[in-house]
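Reader: Could you take me through one spot in this model in some detail? I'd like to hear how a charged side chain sits there and what it pairs up with.

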Amino acid sequence: LAHLLPAEYRKWIPVLVNWVCKTFGMLVAWTVQRILSAAHSAMRGGFMASRHLFKFLAERNGKKFNAEDTYLDEVVGFALAGLGFYTQLKLGFGLPFLVSFILFPVSC
């Protein structure tokens, strides 16, 4: 890098390298955080949806549902979480077209 720059700019090489490293580190940290947030949101959403689905079905049939008595809600929750995470990954962690179109006035 020192050979590419004129002599009067060589004193800025450490500053430039420092900022490039910090920028790359922030980019990696944001990407990791985005993936972790997507996984956490998918897990929470999958479990909430499965538990409420089974609770709704049990109440509709006149029965009681206790999430502590069965693993079925966890299995369905993990399946929904996997589907949700895959969907977020496939969309690039963005909103689907219709949702982004509806929320366009708010997202500007």
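Author: **A close look at Asp73**

Asp73 is buried, at a relative accessible area of 1% (buried is under 20%, exposed over 50%, partly exposed in between, with a 1.4 Å probe and protein chains only). Before going on, some ground rules: this is a predicted model, where local features need pLDDT of at least 70, side-chain atom pairs count only at pLDDT 80 or more, and totals for chains, interfaces and linings use all residues. Residues are numbered from 1 along each chain as its sequence is written, and side-chain values use heavy atoms, with hydrogens and water left out.

Back to the spot itself. Asp73 belongs to helix H2, residues 72-90 (helices are DSSP runs of H or I, at least four residues, numbered from the N terminus). Leaving aside residues up to four places away in sequence, Asp73 touches Phe47, Ser50, Arg51, Phe54, Phe65 and Ala67; contact here means heavy atoms within 4.5 Å.

Now the charges. Asp73 makes a salt bridge with Arg51, with the closest N and O atoms 3.0 Å apart (that takes a side-chain nitrogen of Lys or Arg within 4 Å of a carboxyl oxygen of Asp or Glu). Arg51 sits in helix H1 (residues 13-60) and Asp73 in helix H2, so this pair ties together parts 22 residues apart in sequence. Unlike buried Asp73, Arg51 is partly exposed, at 35%.

Arg51 also meets Glu74 in a salt bridge, at 3.2 Å from N to O. That pair links helix H1 and helix H2 as well, across 23 residues. Glu74 is partly exposed, with a relative accessible area of 21%. Through shared partners, Arg51, Asp73 and Glu74 join into one network, and the whole structure has two salt bridges.

Technical notes. Helix = DSSP H or I, 4+ residues; strand = E, 2+ residues; numbered from the N terminus.
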